[in-house]
Amino acid sequence: MSPVSPDNRNEREPYVVTSKGHTAVAINAAAKAGEWIKTRQGQVKELGSKTSAQDLVTEVDKGVEQMIRRLILTHYPDHAILGEEGVQPGAEAVTAALEEAREHDYLWIVDPIDGTTNFVHGFPFYCVSIALVVKGELTVGVIYDPIRDEMFVAEKGKGAYMHGIRAAVSAEEEPGSSLIAMGFPPDRLIAQPANLAGLQQILPQVRGIRAGGSAALHLAYVAVGRVDGYWEVGLSPWDCAAGVLLVLESGGKVTDTLGNPYDIGTRHVVASNGKIHDYLVASLQAAEATGFKKQ
Ligand code: IPD
Ligand code: CA
Ligand code: CA
């Protein structure tokens, strides 16, 4: 579509910039947001909590989400945006917001800072995560790590890239030689016992486990082969939507912890290079660490 020129547009219609593709808009928003976040590290003024003292939010999370919303809506004013800071905390509110959001043909899923606890503590492992779902299908995934200036980009059917270099998952086949990532969400009731049980089961069998505190970055690291697999019980759509597309477009596999195909509502996620996937799913089931109630 050619850009609407100020001369021929209907004066009553808002001026809409349509000259950039979805992916370019996502990259631009993530880059701008990331630069701003980096300048705010160590400068947090308003530290709040959501569901618990472990579930942090700052004025930077809120401000960045507003910035990303404005940037996306400048180009696509009729698209829907599901952003973490626009949803009430808690699993039920997230499910309700997602059900409403699913009705839109063009749905952006935004985590302004994935790794807020790290950001607050000055632990340099956090990112911006932006995904676009078109008619129910994950179509664009962009994750930007402002500390390392690494931009991970995936487009459905076109592959995944990091700074223009095609990404590929690792070729590791042996759990014993694998480096695995996982995480601990703030929920200590259901997610924490499940993730601890999974850790206890898998740690003695693999080369190492990393819990870096950013689900999105861990997924991006699976996509580029820095870790061979990742799992976490208790995620929200914005933690993983972009990262899931990165893994899939890099030749990897993503399912829930029972091995069912990923959907944007999946909360208990396993992502891998494909080769160790069955091992991870079977291990979580053996440890009763899937996050699902036993059937
Ligand atoms: C969290 C991070 C963390 C993961 C949690 C997420 P947030 O996101 O991704 O690594 O363990 O499940 O909630 O709160 O920093 O955006
Ligand atoms: Ca997150
Ligand atoms: Ca966040």
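Colleague: What makes an atom a donor to a calcium ion here?

Modeller: For Ca, a donor is an N, O or S atom within 3.2 Å of the metal. Bear in mind that this is a predicted model. Around the calcium ion (ligand 3), Glu84 (OE), Asp111 (OD) and Ile113 (O) lie 2.2 to 2.3 Å away, so they pass the 3.2 Å limit and count as its protein donors. Water is not among the atoms, so the site may look incomplete.

Colleague: How are those donor residues spaced in sequence?

Modeller: The pattern for the calcium ion (ligand 3) is E-x26-D-x1-I. Glu84 sits in the loop between β3 (80-83) and α3 (91-101), while Ile113 belongs to strand β4 (residues 106-114), so the pair, 29 residues apart, links distant parts of the chain. Both Glu84 and Ile113 are buried.

Colleague: And which residues are the protein donors of the calcium ion (ligand 2)?

Modeller: Those are Asp111 (OD), Asp114 (OD) and Asp239 (OD), at 2.1 to 2.2 Å from the ion. Again the distances fall within 3.2 Å, so the three qualify. Along the chain, their spacing reads D-x2-D-x124-D.

Colleague: What makes Asp111 a bridge?

Modeller: Asp111 is listed as a donor of the calcium ion (ligand 3) and as a donor of the calcium ion (ligand 2). It bridges the two ions, which lie 3.7 Å apart.

Colleague: Why are Asp111 and Asp114 called buried?

Modeller: The word applies under 20% relative accessible area. Asp111 has 0%, so it counts as buried. Asp114 has 5%, so it is buried too.

Colleague: Why are helices α6 and α7 called roughly parallel?

Modeller: Helix α6 (residues 215-223) and helix α7 (residues 237-249) pack at an angle of about 0 degrees, with axes 8 Å apart. Angles under 35 degrees count as roughly parallel, and therefore these two helices earn that description.

Colleague: Which residues meet where α6 and α7 touch?

Modeller: From α6 come Ala215, Ala216, Leu219, Ala220, Val222 and Ala223, and they meet Asp239, Cys240, Gly243, Val244, Leu246 and Val247 in α7. By class, this contact has 10 nonpolar, 1 polar and 1 charged residues. Asp239 in α7 is also one of the donors of the calcium ion (ligand 2).

Colleague: How do you know that α6 is mostly covered?

Modeller: In α6, 9 of its 9 residues are buried. Among them are Leu217, His218 and Tyr221. Just after the helix, Gly225 takes a positive phi of about 85 degrees.

Colleague: What makes a group of residues a nonpolar core?

Modeller: Its members are buried nonpolar residues joined through side-chain atoms within 4.5 Å. The largest such core has 46 residues, and Leu138, Ile143 and Tyr262 have the most contacts inside it. Leaving aside neighbours within four places in sequence, Leu138 is in contact with residues including Ala131, Val133, Val244, Leu245, Tyr262 and Ile264. Another core, of 27 residues, lies apart from the largest one, with Ala29, Ala33, Ile37 and Val110 among its members.

Colleague: Is Trp231 buried or exposed?

Modeller: Trp231 has a relative accessible area of 0%, which is under 20%, so it is buried. Trp231 is part of strand β12 (residues 229-233). Not counting residues up to four places away in sequence, Trp231 touches a list of residues including Ile180, Met182, Leu199, Ile202, Val269 and Leu284.

Colleague: What is notable about phi in Lys135 and His163?

Modeller: Most residues other than glycine have a negative phi. Lys135 has a positive phi of about 50 degrees, and the phi of His163 is near 55 degrees, also a positive value. Lys135 is in the loop between β5 (127-134) and β6 (137-145), and His163 is in the loop between β8 (159-162) and β9 (165-166).

Colleague: Why is Lys135 called exposed, but His163 partly exposed?

Modeller: Exposed means over 50%, and partly exposed lies between that and the 20% limit for buried. Lys135, at 61%, is therefore exposed. His163, at 46%, is therefore partly exposed. Ala93, in helix α3, has 25%, so it is partly exposed as well.

Technical notes: Residues are numbered from 1 along each chain as its sequence is written. Chains are lettered from A and ligands numbered from 1 in the order in which they are written. This is a predicted model: local features need pLDDT of at least 70, side-chain atom pairs count only at pLDDT 80 or more; totals for chains, interfaces and linings use all residues. Side-chain values use heavy atoms; hydrogens and water are left out. Donors are N, O and S atoms within 2.8 Å of the metal (3.2 Å for Na, K and Ca); water is not among the atoms, so sites may look incomplete. Helices (H or I, at least four residues) and strands (E, at least two) are DSSP runs, numbered from the N terminus. Buried means under 20% relative accessible area, exposed over 50%, partly exposed in between (1.4 Å probe, protein chains only). Contact means heavy atoms within 4.5 Å. Axes are lines fitted to C-alpha atoms, for helices over the stretch in contact, and angles run from 0 to 180 degrees between N-to-C directions. Angles under 35 degrees count as roughly parallel, over 145 as roughly antiparallel, 65 to 115 as roughly perpendicular and the rest as oblique. Ala, Val, Leu, Ile, Met, Phe, Trp, Tyr, Cys and Pro count as nonpolar, Asp, Glu, Lys and Arg as charged, and the others, Gly among them, as polar.
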